[in-house]
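Let's take a walk through a protein chain together, one stop at a time. Keep the picture open and find each residue as we get to it.

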Amino acid sequence: AIVEMVSDECPALMGLQECMANQKDALDLLLQEYESFGAGILDGKLKGPMNAIYYRKDCLKLEDYGHFWYSDTPDEPKTKFENAKHTCCASWAVFSIRRTGRKFFFLNTALDIVAEVRGMQARMILEMMDEYGKGLPCIVVGDFHYKEAGTFGTDMNNPSVVLNTRMIDGRRMSLCTSVVKSANFYGKQKNGNRDF
């Protein structure tokens, strides 16, 4: 189903959250027109879930990439903030568009389930945009583990609120978007909300 959807939509770029190495390997074989990379949260290589990035080789050129862990030592795999329930990391890249040469920064992530930690992680995303993105246009995708409600509020533990201090919510601003609720928990909708 994933391969069929990708074939139908032909995205130039996509992020997979919390995929395992064997899932990524299977997709790598089936999506030959894409290059991919990711880092397992437990060792920076293949152990544990990763937030893989896939890009079309004919559309985009990879200029730089890396990974960081949401912690006081972001370069060390398997590290996390003291109050975090889970180890979480992000994969990032700087791409140039082959047709125009224009560069942009892309970040793919999955955040923790603890509210205060998610706020810290969102602030860290903004810091990493400055460090690795160096003023480039930025795209951030991921599983924020936060409901849509309150996106433009004042709760600084809400990652969407933190990111909206400097970014535009693509779903809200797009001329063509989906209002279909997320399927989670193995295809079941939970509480009738879209998760971000």
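We can start with Q121, which sits in helix α3, the stretch covering residues 115-133. Keep in mind that what you're looking at is a predicted model. Is Q121 buried or exposed? With a relative accessible area of just 1%, Q121 is buried, because anything under 20% gets that label. And who does Q121 touch in there? Setting aside residues up to four places away in sequence, Q121 touches Y70, F81, C88, L111 and D112.

Now zoom out to the whole chain. There are five helices and seven strands to find. If you trace them from the N terminus on, the order reads α-β-α-β-β-β-β-β-α-β-α-α. The chain has 196 residues, and 41% of them count as buried, with Q121 being one of the buried residues. The surface that the chain exposes comes to about 11100 Å², and carbon and sulfur atoms supply 53% of that. What about contacts between parts of the chain that are far apart in sequence? Take the contacts with a separation of 6 or more: 61% of them involve residues 24 or more positions apart.

For an example of distant parts meeting, look at the aromatic rings. The chain has six aromatic pairs. One of them joins Y55 and F95 in a tilted arrangement, with 5.0 Å from centre to centre and 55° between the planes. Y55 belongs to strand β3 (residues 50-56) and F95 to strand β5 (residues 89-97), so this pair ties together parts that are 40 residues apart in sequence. Y55 and F95 are both buried. They also have company: together with F104, they form one aromatic cluster.

F95 leads us on to K103, since F95 is one of the residues that K103 contacts. You'll find K103 in strand β6, which covers residues 103-110. Leaving out neighbours within four places in sequence, the contacts of K103 are E63, V94, F95, S96, L136 and P137. K103 has a relative accessibility of 40%, so K103 counts as partly exposed. Try finding K61 as well: along the chain K61 and K103 are 42 residues apart, yet their C-alpha atoms are separated by 9.2 Å.

Next, some empty space. Rolling a probe the size of a water molecule over the atoms shows where such space is left. The second largest pocket holds about 230 Å³ of space. Which residues lie nearest its centre? They are E18, H86, C88, L111 and H145, out of 14 residues that line this pocket. You've already met C88 and L111, as both touch Q121. The lining of the second largest pocket is made up of eight nonpolar, four polar and two charged residues.

E18 deserves a second look. E18 is part of strand β1, residues 13-19, and its relative accessible area of 43% makes it partly exposed. Its backbone has a feature to check: the phi of E18 is near 55°, which is a positive value in a residue other than glycine.

K134 has a positive phi too, about 45°, although K134 is not a glycine. Where does K134 sit? It lies in the loop between α3 and β7 (138-143). K134 is exposed, because its relative accessible area of 64% is over the 50% cut-off. That brings us back to α3, the helix where we found Q121.

Key: Residues numbered from 1 in each chain as written. Predicted model: local features only at pLDDT ≥ 70, side-chain atom pairs only at ≥ 80, totals over all residues. Heavy atoms only, no water. 1 Å grid on protein atoms, 1.4 Å probe; cavity = no way out; pocket = protein on both sides within 12 Å on 5 of 7 lines; lining within 4 Å. Points joined across faces, edges and corners; volume = space filled by probe spheres on them. Nonpolar A, V, L, I, M, F, W, Y, C, P; charged D, E, K, R; others polar. Helix = DSSP H or I, 4+ residues; strand = E, 2+ residues; numbered from the N terminus. Buried < 20%, exposed > 50% of the residue type's maximum accessible area, 1.4 Å probe, protein only. Contact = heavy atoms within 4.5 Å. Phe/Tyr/Trp six-rings, centres within 6.5 Å; stacked < 30°, edge-to-face > 60°. Areas by Shrake-Rupley, 256 points an atom, 1.4 Å probe, with all protein chains shown as cover.
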